[in-house]
Amino acid sequence: IFVSGAIGEDVAVGAMKAGAQDYVMKGNLKRLAPAIERELREAAVRRERALAQSRQHMMEARYRQILAIAPDAIIAMDEALHIAMFNQAAERLFGYSADEAIGQSAEVLLPARFIEAVRDQIRQFGLSQNTTMQIRVPDKMCGRRKNGTEFPAEAYVSKMVEERRTIFTVIIRDITERESILASLRHTNQTLDALVQSSPVAILGFDAARRVIVWNGNAERIFGLSATDVVDHPLPALTEVAGTQLGDMVRR
């Protein structure tokens, strides 16, 4: 705050443009106290605003850091499915740079056969009271890379309404390795089941609750009971039918 008896109006205006908050002429010193009080209040407001902005910048920097190191693809899009944010994992997964992806429709990331189903689910999710959902389609969900190749995926969506606009955040995970492991397990189980069923001896399996879980073809022939009759049945009912020898063995 300038206090002067000689400062001219032009100089005062220039000083305020340079950062001064007010000026008081010596002939009007009664304005000085109110000017100081006002400036103290405004200074406090400026400090609070600066602190809030600093905190916001820190949170934004932390958010960007989290997005950068996130192992899953994270994409933000509006109600028209236009991409607004595309993290580094999304760049690696889909083969698009962020500059290429932002502004495009998220439909470029989907095989054509999934677009209508996913669009309908997003639209219904936007109208619902839920805040999160998993995208599920009749066939297994797939993503589509820039080069046209597809990969099995799972996608989780959350939404946030800000200034009457709904922003959707989608986390997409490539589950190729998981699907491969499951396929391998299914193959192994099928092979084991074939071995059990073709065994020349009766093979029986029981769980911790003493219920039958395995009953092969030779068990059916020896004990005269089909797998349908005994699987998931408790052992007492089985031993009463199967005979004393088996009952004694199970009890031991």
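**Entry 1: surface patch**

I began with the nonpolar surface and found a patch of about 430 Å², made by Ile1, Val3, Leu29, Ile36 and Leu40. I noted that this is a predicted model. I picked out isoleucine 36 and placed it in helix 2, residues 32–69. Its relative accessible area is 38%, so I logged isoleucine 36 as partly exposed.

**Entry 2: cores**

Next I went to the interior. In general, nonpolar side chains of soluble globular proteins tend to be buried together. I found that the largest nonpolar core here has 31 residues. Phe86, Phe94, Ile122, Ile135 and Ile172 have the most contacts inside it. I then asked which elements supply at least two residues each to this core. The strands I listed are strand 3 (73–77), strand 4 (83–86), strand 7 (150–162) and strand 8 (165–174). The helices are helix 3 (88–94), helix 4 (98–101) and helix 5 (112–127).

Another core lies apart from that one. I counted six residues in it, among them Leu67, Ile74, Ala76 and Ile167.

I looked up the contacts of isoleucine 172, leaving aside neighbours within four places in sequence. Asp72, Ala73, Ile75, Leu93 and Phe94 are on the list. Ala153, Glu154 and Ala155 complete it.

**Entry 3: threonine 166**

I moved on to threonine 166, which lies in strand 8. Is it buried or exposed? The relative accessibility is 9%, so threonine 166 counts as buried. With neighbours up to four places away set aside, I found threonine 166 in contact with Met77, Asp78 and Glu79, and also with Lys159, Met160 and Val161.

**Entry 4: salt bridges**

I searched the whole structure and got 12 salt bridges. I wrote up three of these pairs in detail.

The side chains of aspartate 22 and arginine 31 meet at 3.0 Å, N to O. I compared the cover on each partner. Aspartate 22 is buried, at 8% relative accessible area. Arginine 31 is partly exposed, at 32%.

Lysine 140 pairs with glutamate 179, and I read 2.9 Å between the closest N and O atoms. This pair links distant parts of the chain, 39 residues apart. I located lysine 140 in the loop between strand 5 (132–134) and strand 6 (142–144). Glutamate 179 sits in helix 6, residues 176–198. Lysine 140 is exposed, with 55% relative accessible area. Glutamate 179 counts as buried, at 18%, because the cut-off for buried is under 20%.

Arginine 173 bridges to glutamate 154, with 3.5 Å between the closest N and O atoms. Arginine 173 is in strand 8 and glutamate 154 in strand 7, so the pair ties together parts 19 residues apart in sequence. I noted arginine 173 as partly exposed, at 34% relative accessibility. Glutamate 154 is buried, at 11%. I followed the shared partners and found one network of Asp72, Glu154, Arg173 and Arg178.

**Entry 5: proline 152**

I found proline 152 in strand 7. At 22% relative accessibility it counts as partly exposed, because only values under 20% count as buried. What does proline 152 touch beyond four places in sequence? I listed Met141, Cys142, Arg173, Asp174, Ile175, Thr176 and Glu179. Two of those names recur from the salt bridges: arginine 173 and glutamate 179.

I also took the distance from proline 152 to isoleucine 7. They are 145 residues apart in sequence and 75 Å apart in space, C-alpha to C-alpha.

**Entry 6: hairpin and positive phi**

I checked how strand 9 (residues 204–206) and strand 10 (residues 212–215) pair. The sense is antiparallel, over three bridges. Phenylalanine 206 has valine 212 as its bridge partner. The hairpin has five residues between the strands.

I found arginine 210 in the loop between these strands. Its phi is near 65 degrees, positive in a residue other than glycine. Arginine 210 is partly exposed, with a relative accessible area of 41%.

I logged a positive phi at aspartate 232 too, of about 80 degrees, although it is not a glycine. Aspartate 232 is in the loop between helix 8 (227–230) and helix 9 (235–242). Its relative accessible area is 53%, so I marked aspartate 232 as exposed.

Definitions and conventions:
Residues are numbered from 1 along each chain as its sequence is written. This is a predicted model: local features need pLDDT of at least 70, side-chain atom pairs count only at pLDDT 80 or more; totals for chains, interfaces and linings use all residues. Side-chain values use heavy atoms; hydrogens and water are left out. Two strands pair if DSSP finds at least two bridges between them. Helices (H or I, at least four residues) and strands (E, at least two) are DSSP runs, numbered from the N terminus. Patches are made of residues with over 30% relative accessible area and no salt bridge: like charges are joined within 9 Å, nonpolar side chains (Val, Leu, Ile, Met, Phe, Trp, Tyr) within 5 Å. Accessible areas come from the Shrake-Rupley method with a 1.4 Å probe; for residues, only the protein chains shown count as cover. A salt bridge is a side-chain nitrogen of Lys or Arg within 4 Å of a carboxyl oxygen of Asp or Glu. Buried means under 20% relative accessible area, exposed over 50%, partly exposed in between (1.4 Å probe, protein chains only). A nonpolar core is a set of buried Ala, Val, Leu, Ile, Met, Phe, Trp, Tyr and Cys residues joined through side-chain atoms within 4.5 Å. Contact means heavy atoms within 4.5 Å.
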